[in-house]
Amino acid sequence: MGSTMEPPGGAYLHLGAVTSPVGTARMLQLAFGCTTLSLVAHRGGFAGVQGTFCMAAWGFCFALSVLVVACEFTRLHGCLRLSWGNFTAAFAMLATLLCATAAVIYPLYFTRLECPPGPAGCAVRNFRLVASVFAGLLFLVYATEVVLTRARPGQVTSYMATVSGLLKIVQAFVACIIFGALVHDSRYGRYVATQWCVAIYSLCFLATVAVIALSVMGITGGLGCPFDRVVVVYTFLAVLLYLSAAVIWPIFCFDPKYGEPGRPPDCPQGSCPWDSQLVVAIFTYVNLLLYVIDLAYSQKIHFVPTL
């Protein structure tokens, strides 16, 4: 009688989801994420765009981590119409980037060794210091999951777990940084050449997001042509486009004929167009390097659409 109650595919609950090395990392993500949010919300405090970003990043990562652990533990991910391996690999990489950024921003803007003014100033400082420590630990456990689930040579795995797949997440994240600098008074509309650079950033970002979305939804097999070949061709085009932006943007922003070679002395701190132009230039070269590395790795991938 007892055997008739067993589900056809085995036990309903998957204990390995919380006892395996990856499962342990995910449980630590929940513990550290909850602790960080609680410390900041209770006494640490946050304000402005920087504080809101940190809380949003930690809240987003915590919510999706709860979803991942719950679906793994109850095996409900088999009911979802998406490639679970691609989804978890993409989320782990994105969470690593978000938590790394928050772990830098929160101490930089909110944590000081001296006590803030007020009767509870030292208590607030202590909460912020501890929150900063747990924010760093949270980044480390997400990075650990990425390392544990990353594809090894010769291993058959999901595309997003490969180096090329993980680089797609980083490329999209860097593009978001570029967009943030562009909208912060970068004056990109002064020249057609700089508008062309913005078009390159936008086109490559949309194409990268499309590759990620197709992989996560598990519908790459319906493209009518091999997905790995599409990825290689797109990455090669992205390298060429970013190479043109890496030449054009600095010329039209920092050449004396079109822009300012150095930071203007009368430019206000925190709202200087030259600063935004410099950020765009730096991360343009960062993304160009990422696409070159991606091109080198993507030629070695044999994609298995069923994972």
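User: By class, what makes up the lining of the largest pocket?

Analyst: The lining has 11 nonpolar, seven polar and one charged residues. For these classes, Ala, Val, Leu, Ile, Met, Phe, Trp, Tyr, Cys and Pro count as nonpolar, Asp, Glu, Lys and Arg as charged, and the others, Gly among them, as polar. Before we go on, please note that this is a predicted model, in which local features need pLDDT of at least 70 and side-chain atom pairs count only at pLDDT 80 or more, while totals for chains, interfaces and linings use all residues. Residues are numbered from 1 along each chain as its sequence is written, and side-chain values use heavy atoms, with hydrogens and water left out.

User: What makes a space a pocket, and how much space lies in the largest pocket?

Analyst: On a 1 Å grid over the protein atoms alone, a pocket is an open set of points with protein on both sides within 12 Å along at least five of seven lines, whereas a cavity is a set of points where a 1.4 Å probe fits but cannot get out. Points are joined across faces, edges and corners, and the volume is the space filled by probe spheres set on them. By that reckoning, the largest pocket holds about 870 Å³. It is lined by 19 residues, and those closest to its centre are Ile105, Tyr109, Ile177, Gly180 and Ala181; a lining residue has an atom within 4 Å of a point. Two or more lining residues come from each of helix H3 (48-74), H4, helix H6 (163-183) and helix H9 (273-298). H6 gives the largest share, five residues.

User: How many helices and strands does the protein chain have?

Analyst: There are nine helices and zero strands. The labels come from DSSP runs, numbered from the N terminus: helices are H or I runs of at least four residues, and strands are E runs of at least two. Read along the sequence, the pattern is α-α-α-α-α-α-α-α-α.

User: Why is the pair of tryptophan 84 and phenylalanine 87 called tilted?

Analyst: The search of the whole structure finds 14 aromatic pairs. In this one, the centres are 5.4 Å apart and the planes stand at 35°. Rings of Phe, Tyr and Trp (its six-membered ring) pair if their centres lie within 6.5 Å; planes under 30 degrees apart count as stacked, over 60 as edge-to-face and the rest as tilted. The distance passes and the angle falls between the two limits, so tilted is the right word. Tryptophan 84 and phenylalanine 87 are three residues apart in helix H4 (residues 84-110), so about one helical turn separates them. Elsewhere, Tyr201, Tyr234, Tyr242 and Tyr291 form one aromatic cluster.

User: Why does tryptophan 84 count as buried?

Analyst: Its relative accessible area is 10%, and buried means under 20%, exposed over 50% and partly exposed in between (1.4 Å probe, protein chains only). Phenylalanine 87, at 16%, is buried too. Of the 307 residues in the protein chain, 43% are buried.

User: Why is cysteine 61 in no disulfide?

Analyst: A disulfide is a pair of cysteine sulfur atoms within 2.5 Å, and the count here comes to zero. For cysteine 61, the nearest cysteine sulfur belongs to cysteine 99 and is 3.9 Å away, so the pair misses the limit. Cysteine 61 is buried, with a relative accessible area of 1%.

User: What makes the phi of arginine 75 worth a look?

Analyst: Most residues other than glycine have a negative phi. Arginine 75 is not a glycine, yet its phi is positive, about 65°. This arginine is found in the loop between H3 and H4 and is partly exposed at 38%. Aspartate 185 also has a positive phi, near 55°; it lies in the loop between H6 and helix H7 (192-217), and its 42% relative accessible area makes it partly exposed.

User: What makes a set of residues a nonpolar core, and which residues have the most contacts inside the largest one?

Analyst: Such a core is a set of buried Ala, Val, Leu, Ile, Met, Phe, Trp, Tyr and Cys residues joined through side-chain atoms within 4.5 Å. The largest has 74 residues, with Trp58, Tyr201, Tyr242 and Trp249 having the most contacts inside it. At least two core residues come from each of helix H2 (21-44), H3, H4, helix H5 (121-149), H6, H7, helix H8 (227-254) and H9. H4 gives the most, 16 residues.
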